[in-house]
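Dear colleague,

I am handing over the structure below, together with a written account of what was found in it. Please read the text alongside the coordinates and the sequence.

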Amino acid sequence: MTTRRDFLKGSTAGAAGIFFCGCGLLHGAHAQQPARQKLPVTVNGKRVKTIDVHAHCNFHEAGALLGEEGPRIQTGTNIGAEETFIDLKRRLAAMDAQAVDMEILSINTFWYNRERDLAAQIVKLQNEKLAEFCAAHPYRFAAFASLTLQAPDLAVQELEIAVKKQGLKGAAIGSSVNGVDFSDPKFHPVWAKAEELGVPLFIHPRGIPELGKRLSGNGWLDNAIGYPLDTTIALSHLIFEGTLDRFPGLKVIAAHGGGYLPSSERSDHACMVGPKGCNPDIKLKKRPTEYLKQLYFDSVVFTSEALRHLAAQVGTSQIMLGSDSPFPWELKPVDHIFASTSLGDDEKADILGRTAAKLFNIA
């Protein structure tokens, strides 16, 4: 397996960080960007604590509950997957190289299709491990809890314990649960508890199995297209089914810049053009695109133009630093923010860490 270290070596060999990927495309790794940022990061002479809200981890003990296939089920075989099992020295070195002060760790949901008791064991173990790890390294790590979301009654209990007793900062959830979207009323108690506790929910996609055949072939379309589409569908249901109206204080963070939703002005016109496809009993309190301004998004959008567009659609106050670490999607997350010419100093400082510090109550 190609490791992230091998990948990084390849990405710095040759001309100005140019590397080849398996799909045969040539990529320039931001050769024109300013010099790499280093810790401590300052904006206009003021220190900013950089907080990465999109960073992954796993625990071997959780995979062991699934038997020999556990590690593969947990991580897959992508570049960087093995590094989700944190080696502290190596992870801190990677964070330092990216000029990241703190990561908010999350575990991608691999237990939703497991029987209730087994899933609850996995979640309990993971939350205990996350709490223990973050308590041992409080200046560098915080974490989202895992939830047994296929059993909403358990998820409510787990979230309360995670926040009130374990010091976790909210919860990381998938984009649906075994084909059931989050707008389904059975999940309402979970959203009500998150709203009551005032903690965010981080939506990270897991793909769309129904599109497997069409997304097969070159280009890893299952991830490149399927993941952002998965997030777009999840958020759209929360909007159009009235879930965000029902829970106006619910704090949702969407991975990968919210998928395609910040470019979906088409949503504002769908019910006018095709009223038969819309439920007349659901009367939204505002236009669909206006809900974007109450959601949060990470900055994993890759280019300055994409970041400018995202900020124009949702407001810079709703964007927070993200890397997708240790997967090598955005190797220079902090530099990516500094390279944007459309952002002012205060906006950059907010995205880099000030918004996250306020949202997660981090000193």
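**Sheets, helices and the parallel pairing**

Strand β6, which covers residues 102-106, runs parallel to β7 and is joined to that strand by three bridges. Before going further, please keep in mind that this is a predicted model. Within the pairing of β6 and β7, Leu105 has Ala143 of β7 as its bridge partner. Helix α5, made up of residues 116-136, packs on the sheet and touches both β6 and β7, while its direction makes about 155° with that of β7.

The sheet to which these strands belong is an open one of three strands, in the order β5-β6-β7, and its pairing is parallel. Its edge strands are β5 (51-56) and β7 (141-143), each of which pairs on one side only. On average, and with direction ignored, neighbouring strands of this sheet are turned by 30° against each other.

Helix α5 also has a helical neighbour, for it packs with α6 (residues 152-164) at an angle of about 15°, the two axes lying 11 Å apart. Since angles under 35 degrees count as roughly parallel, α5 and α6 are therefore described as roughly parallel to each other. The crossing in which α5 passes α6 is right-handed. If you would like to look at this contact in atomic detail, the residues that meet there are Arg116, Ala120 and Val123 on the α5 side and Asp153, Leu154 and Glu158 on the α6 side.

A further open sheet is built from five strands in the order β8-β9-β10-β11-β12, and here, too, the pairing is parallel. The strands at its edges are β8 (171-173) and β12 (319-320), and because each of them has a single partner strand, one side of each is left without a neighbour in the sheet. As for the contact between β8 and β9 (residues 200-203), these strands pair in the parallel sense over three bridges, and Ala171 stands opposite Leu201 in β9. As a general reminder, the strands of a sheet pair through backbone hydrogen bonds, either parallel or antiparallel.

**Cysteines**

The structure holds one disulfide, and this bond is formed by Cys271 and Cys278, whose sulfur atoms are 2.1 Å apart. The torsion about the S-S bond of Cys271 and Cys278 is about -90°, so the disulfide is left-handed. With regard to solvent, Cys271 counts as partly exposed at 33% relative accessibility, and Cys278 also counts as partly exposed, at 23%.

Why is there no bond between Cys57 and Cys134? The closest cysteine sulfur to that of Cys57 is the one in Cys134, and at 7.7 Å this is too far for a bond, given that a disulfide is called only when the sulfur atoms are within 2.5 Å. Seen from the other side, the closest cysteine sulfur to that of Cys134 is the one in Cys57, again at 7.7 Å and again too far. Cys57 counts as buried at 1% relative accessibility, and Cys134 is buried as well, with a relative accessible area of 10%.

**Backbone geometry to check**

Two peptide bonds that precede a proline deserve a careful look. The bond joining Leu39 and Pro40 is cis, with omega about -5°, and Pro40 has its place in the loop between β2 (26-28) and β3 (41-43). The bond from Ser325 to Pro326 is likewise cis, with omega near 5°, and Pro326 lies in the loop between β12 and α13 (333-338).

Positive phi values come up as well. Trp220, although it is not a glycine, has a positive phi of about 50°; this residue is found in the loop between β9 and α8 (221-224), and with a relative accessible area of 41% Trp220 is partly exposed. In His256, also a residue other than glycine, phi is positive and near 55°, and His256 is placed in the loop between β10 (251-254) and α11 (270-273). Is His256 buried or exposed? With a relative accessible area of 15%, His256 is buried, since the limit for that class is under 20%.

With kind regards

Note on methods:
Residues are numbered from 1 along each chain as its sequence is written. This is a predicted model: local features need pLDDT of at least 70, side-chain atom pairs count only at pLDDT 80 or more; totals for chains, interfaces and linings use all residues. Side-chain values use heavy atoms; hydrogens and water are left out. Buried means under 20% relative accessible area, exposed over 50%, partly exposed in between (1.4 Å probe, protein chains only). Two strands pair if DSSP finds at least two bridges between them. Helices (H or I, at least four residues) and strands (E, at least two) are DSSP runs, numbered from the N terminus. Axes are lines fitted to C-alpha atoms, for helices over the stretch in contact, and angles run from 0 to 180 degrees between N-to-C directions. Contact means heavy atoms within 4.5 Å. Angles under 35 degrees count as roughly parallel, over 145 as roughly antiparallel, 65 to 115 as roughly perpendicular and the rest as oblique. A crossing is left-handed if the near helix is turned anticlockwise from the far one by less than a right angle, and right-handed if clockwise.
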